[in-house]
Amino acid sequence: MDTHSTPKTPLTLLGLGDMGTALARAWLTTGHPLTVWNRSSEKAETLAGEGARAVATPAEAVASATGPVVLCLLDDASVGETLDGTDLHGKDVVNLTTNTPAQAQQRARWAEERGARFLDGGIMAVPPMIGRPETGGYVFYSGDHTLFERHREALEAPAGAEFVGADPGHAALHDIALLSAMTGMFAGITHAFALMGPEKDIDQARFATLLAEWLGAMSGAAHGIAAHLESDNYTEGVTSNLAMMTAANDTLLATAQDQSVDPRLLAPYMELMRHRVAQGHGDEGLAGTVGLLRSE
């Protein structure tokens, strides 16, 4: 037995919904001492049976914390309500509650005014992915970089950890940006299945495989858009320009009409492309449409 191994960082976790419970079990499995609190005590008591220390109030949990105080609650308002009346002076607060960038920035100031160090996090995983590195789940972190490095080993126990900047809002911004792209992908998938729906002899499972492979192949377009935005040259290396894609969109819309499919999931983006072409930028790739979405 190695009697000189470094003790595991103790953590305090407030909030035991599905994600909080998954985080708790990952920390317990990796040997981290864990104190837990939940508004309803049943989940905390269950985890106490698995090795956690359950406490009755957030104030008790925070007061006894010698490591990170992690919050995984419903929303930003819940964070304020839960920490109201607790003494945060000298504490390391890690907020894994889903919020907006502006809320994260405001919460960081709120914590610092109370003498705490602060990290915000955006979880890019669902509960079944937590504690399973092979699933690829990870968490964005932003805020106090020194705090991130101090607790990196503990933060990486449930899922990968990616620090994305000193601005406390950047973790939430990365989180929401990726989720927004995912939502757009889901819209495209929904439209694709709607097109195939009337065809009774279509093998939906086989089509799903083709669809997933195609989307994976096309995902590399993100790198091209990033390169164009960084260089401010939206035409270099373009193989399918906006003029070509806009012309092809007419075929997509005609097929939707023939298949009795509402084009509302695709039409707004197609209109954005048409607008950019009308501005005289038909030789560009997709990067030029990015600025059209911004109001400033």
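This is a short tour of the aromatic rings in this structure, which is a predicted model. Keep your viewer open and show side chains as you go.

**Stop one: Tyr138 and Phe140.** A search of the whole structure turns up four aromatic pairs. To begin with one of them, select Tyr138 and Phe140, whose rings meet edge-to-face, with 5.1 Å from centre to centre and 85° between the planes. Now switch on a surface and look at each partner. Tyr138 is partly exposed, at 26% relative accessibility, whereas Phe140 is buried, with a relative accessible area of 6%.

**Stop two: Phe193 and Phe207.** Select these two next. Their planes stand at 85° and their ring centres are 5.4 Å apart, so this pair is edge-to-face. Which helices hold the two rings? Phe193 belongs to helix H8 (residues 170-196) and Phe207 to helix H9 (residues 204-218), so the pair ties together parts that are 14 residues apart in sequence. Colour the two helices separately to see this link. Is Phe207 buried or exposed? Phe207 is buried, because its relative accessible area is 16% and the cut-off for buried is under 20%. Phe193, with 30%, is partly exposed.

**Stop three: a cluster of rings.** Select Tyr141, Phe148 and Phe163 together. Ring pairs link these three residues into a cluster.

**Last stop: a charge over a ring.** Finally, select Arg107 and Trp110. What sits over the ring of Trp110? Look for the charged end of Arg107, placed 4.6 Å from the centre of that ring.

Methods: Residues numbered from 1 in each chain as written. Predicted model: local features only at pLDDT ≥ 70, side-chain atom pairs only at ≥ 80, totals over all residues. Heavy atoms only, no water. Phe/Tyr/Trp six-rings, centres within 6.5 Å; stacked < 30°, edge-to-face > 60°. Buried < 20%, exposed > 50% of the residue type's maximum accessible area, 1.4 Å probe, protein only. Helix = DSSP H or I, 4+ residues; strand = E, 2+ residues; numbered from the N terminus. Lys NZ or Arg CZ within 6 Å of the ring centre and 35° of its normal.
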